[in-house]
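Good morning. Today I will go through the empty spaces in one protein model, pockets first and cavities after.

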Amino acid sequence: MNEKLRVGILGATGMVGQRFISLLENHPWFEVTTVAASSRSAGRTYEEAVGDRWKMDTPMPEAVKNLVVMNVNEVERVAAGVDFVFSAVDMSKDEIKAIEEEYAKTETPVVSNNSAHRWTPDVPMVVPEINPQHFDVIEFQKKRLGTTRGFIAVKPNCSIQSYAPVLTAWKEFEPYEVVATTYQAISGAGKTFKDWPEMVENVIPYIGGEEEKSEMEPLRLWGEIKDGVIVPAERPVITCQCVRVPVLNGHTAAVFVKFRKKPTKEQLLKKLESFSGLPQELGLPSAPKQFIRYMEEDNRPQVQADVDYENGMGISVGRLREDKVYDWKFIGLSHNTVRGAAGGAVLCAETLKAKGYIQAK
């Protein structure tokens with residue numbers, strides 16, 4: 001590619017917006033040329049608008065420091081200078097739905113980290129290794145929106161990343177009942193320990209809306225396109241509890257699975273190690289070479305040691321063993337703001353570009 005595509009970040013000053021900016025530094029295909037946020041930040045340089053709220057563990061990229069923050073609500077103006085946008089806006093669900101459609105109707109593709117459109121029937125919700133074929137529904141969405149190149153695509157919730165890929169790898173063994181408990185990092189709430197001192201040495205056994213997402217969103221990933229909409233799968237039945245724990249980055253899941261077909265441990269491990277998808281076939285810039293790895297040690301995966309596996313884009317699995325009530329159980333770990341948020345959206349955008357949905361205006 002000779003020229004990089006021009007990218008806008010909507011909600012650029014928040015934690016996920018910052019993660020987008022950090023991940024896109026030196027990206028071979030994409031260049032951040034526009035940052036947009038609320039009217040409070042508009043008109044200041046990005047460095048001034050963020051101030052002391054930069055939450056990444058790497059420095060703010062020089063290339064964005066002097067970009068003047070635009071008002072995210074000035075849709076036509078923001079859209080005029082970009083080929084597509086990543087959305088990480090902090091608004092109500094209805095406001096997010098409306099503004100993302102507004103951007104799409106300016107013929108600007110929107111790749112969203114937000115949950116607002118995850119259940120819009122003609123909006124693809126994609127983990128590119130699992131269901132890239134769902135991007136085909138975009139053609140139906142464009143007809144509804146009246147666009148030729150504008151559309152919305154989303155990535156799923158961060159909580160499911162540490163077990164939905166594993167269950168996908170085991171699909172041929174027909175998992176039909178799953179119990180999962182997720183132990184979720186505070187960055188999933190856009191917080192650090194400095195922002196949220198109550199979380200130090202604390203566990204909160206509730207995260208609003210998270211259990212419903214964790215139970216239902218995998219079924220949409222495994223669904224099919226019928227009559228121009230995505231129809232979720234009906235199985236497996238998943239029940240989940242989501243717990244906030246005093247960890248900065250990394251969601252861990254403890255998962256129990258029943259299978260219709262009875263796999264051996266060797267069969268399950270072989271499927272994990274060999275599981276890959278379109279991003280690996282295409283060698284996309286953000287794709288992990290080994291999407292899922294299995295760790296033999298009894299005390300792995302651990303957040304501190306393993307959360308950055310494959311630059312935060314891979315899934316670590318361990319402690320696969322037979323269960324007395326269910327068939328098998330395991331522990332999964334994923335990076336919630338990389339694979340589970342901004343990184344997952346960047347990989348979606350790379351896949352969309354490779355499939356021809358995102359191009360220069």
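I start with the second largest pocket, which holds about 580 Å³ of space. Please keep in mind that this is a predicted model. The lining of this pocket is made of 26 residues. If you want to find its centre on the screen, look for L23, E310, N311, M313 and V338, which lie nearest to that point. Two helices to look for are α1 and α12, as each gives at least two residues to the lining. Sorted by class, the lining has eleven nonpolar residues, nine polar ones and six charged ones.

Now to the largest pocket. What is its volume? The value is about 1300 Å³. There are 49 lining residues here, and V16, A88, V89, D90 and G190 are the closest to the centre. Which elements give two or more residues to this lining? They are α1, residues 15-24; α5, residues 93-105; α8, residues 210-221; and α12, residues 338-354. The largest share comes from α1, with four residues. You have met two of these names already: α1 and α12 also supply the lining of the second largest pocket. As for class, the largest pocket is lined by 14 nonpolar, 21 polar and 14 charged residues.

That leaves the cavities. A general remark before the numbers: rolling a probe the size of a water molecule over the atoms shows where empty space is left.

How many cavities of 30 Å³ or more does the structure hold? There are two. The largest cavity has a volume of about 50 Å³. Around it sit M15, R19, K55, M56, S187, L248, N249 and T337. Three of these lining residues are nonpolar, three are polar and two are charged.

The second largest cavity contains about 40 Å³ of space. Its lining consists of V126, V127, P128, K155, P156, Q161, R339 and G344. By class, that gives four nonpolar, two polar and two charged residues. If you are checking this by hand, note that Gly is counted as polar, so G344 goes into the polar group.

To recap, we have a largest pocket of about 1300 Å³, a second largest pocket of about 580 Å³, and two cavities of 30 Å³ or more. If you keep one element in mind, take α1, which gives the largest share of the lining of the largest pocket and at least two residues to the lining of the second largest pocket. That is the end of my part.

Note on methods:
Residues are numbered from 1 along each chain as its sequence is written. This is a predicted model: local features need pLDDT of at least 70, side-chain atom pairs count only at pLDDT 80 or more; totals for chains, interfaces and linings use all residues. Side-chain values use heavy atoms; hydrogens and water are left out. On a 1 Å grid over the protein atoms alone, a cavity is a set of points where a 1.4 Å probe fits but cannot get out, and a pocket is an open set with protein on both sides within 12 Å along at least five of seven lines; lining residues have an atom within 4 Å of a point. Grid points are joined across faces, edges and corners, and a volume is the space filled by probe spheres set on the points.
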